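Here are some notes for a colleague who is opening this structure for the first time. They concern its internal cavities and the residues around them.

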Amino acid sequence: MEESKQNIVILTGAGISQESGLDTFRDKGGLWSKVRIEDVATPEAYARDPERVQEFYNMRRRRHFDGDIKPNAAHAALALLEKEWPSVTGGSVSIVTQNIDNLHEAAGSENLIHMHGEILKARCGDCGEVSICGGDLGQGEACPDCGEINTLRPHVVWFGEMPLEMERIHSLLDRCTLFISIGTSGNVYPAAGFVQLAGGNADTHTIELNLEPSEGATFFAEARYGRASDLIPSYVEELLTNGLVRQNT
Ligand code: BV8
């Protein structure tokens, strides 16, 4: 890896969207305290009770159409970093998000992988095509590509399903000099294992920016705790001013 080029990979989780008004999963009052994963977020649940699964995602998708869900300062700071970092080190910034919301795109991020899919997209169980989803599913709608009725599911990766773009993610992790984890509890694999993959390379610095230590906290060389909308803008400011400074904690 050319030393001058410093590629950054950023993993985000529900915590980065919490201050935008979207629920997290495992915090107090989080989604998994209201419904069981086994009932709404597995292929088996969908086969057993499609209406219940569709309603779980319809209810979450409707939040995006209320007009009050907007990116926060943390999303904006990451979009700024992606824009400015190449002129600081010639390297790139890539975001791998576990989130299915569209707040990174709305903030202007472009180098973005939704490894767990996207709630504003649907996937046809017949033809496999992915399409924009602008409303509820499971209401007798037709697939815009093959025309089949009631074959659309949320374009979301459920538990027991393979996350998306894993090869591309592994190649980004192999080539990064800085791995930043933001707003994730480190419970869900394979995402929770990315810090170990990145940290396996001696040249790669790893930092956790979270409200509290995650399950994987001990795997990080550095950690800072606080709210994302405070932590991320100041860390991005530091990176753009000083470049990458390895402060092991
Ligand atoms: C896979 C989309 C293999 C859905 C999600 C049995 C069978 C198969 C697999 C498994 C199995 N047992 C275990 C596994 C592995 C499983 C897994 O890891 N389970 C866990 C529960 C143990 N993983 C999988 O199943 C994955 N697939 O392994 O496939 C395979 C191999 C070959 C062939 C086929 C398959 C797929 C996992 C993806 C599941 N889908 N999302 C949806 O959104 O409804 S994952 C789900 O958890 C969420 O979507 C989220 O993306 C993810 C992680 O949650 P977090 O983002 O971390 O959120 P959380 O609430 O937990 O934490 C928030 C954090 O933010 C906290 O730390 C909090 O302190 C912090 N925070 C809060 N507010 C703020 C803040 N920080 C800063 N500022 C704030 N303001």
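1. In this predicted model, the largest cavity has a volume of about 70 Å³, and the structure as a whole holds two cavities of 30 Å³ or more.

2. Thirteen residues line the largest cavity, and those nearest its centre are Ser181, Gly186, Ala192, Val195 and Phe220. When you trace this lining along the chain, look at strand S7 (178-182) and helix H7 (194-199), since each of these elements supplies at least two of the lining residues.

3. As for the character of that lining, the residues of the largest cavity fall into seven nonpolar, five polar and one charged.

4. The second largest cavity has a volume of about 50 Å³, and the residues that line this cavity are Glu222, Arg224, Tyr235, Glu238, Leu239, Asn242, Gly243, Leu244 and Val245. Two or more of these lining residues come from strand S9 (222-225), and two or more likewise from helix H8 (228-242).

5. Which element gives the largest share of the lining of the second largest cavity? That element is H8, which contributes four residues.

6. Sorted by class, the lining of the second largest cavity comprises four nonpolar, two polar and three charged residues, and this division may be read beside that of the largest cavity, where the lining has one charged residue.

Notes:
Residues are numbered from 1 along each chain as its sequence is written. This is a predicted model: local features need pLDDT of at least 70, side-chain atom pairs count only at pLDDT 80 or more; totals for chains, interfaces and linings use all residues. Side-chain values use heavy atoms; hydrogens and water are left out. On a 1 Å grid over the protein atoms alone, a cavity is a set of points where a 1.4 Å probe fits but cannot get out, and a pocket is an open set with protein on both sides within 12 Å along at least five of seven lines; lining residues have an atom within 4 Å of a point. Grid points are joined across faces, edges and corners, and a volume is the space filled by probe spheres set on the points. Ala, Val, Leu, Ile, Met, Phe, Trp, Tyr, Cys and Pro count as nonpolar, Asp, Glu, Lys and Arg as charged, and the others, Gly among them, as polar.
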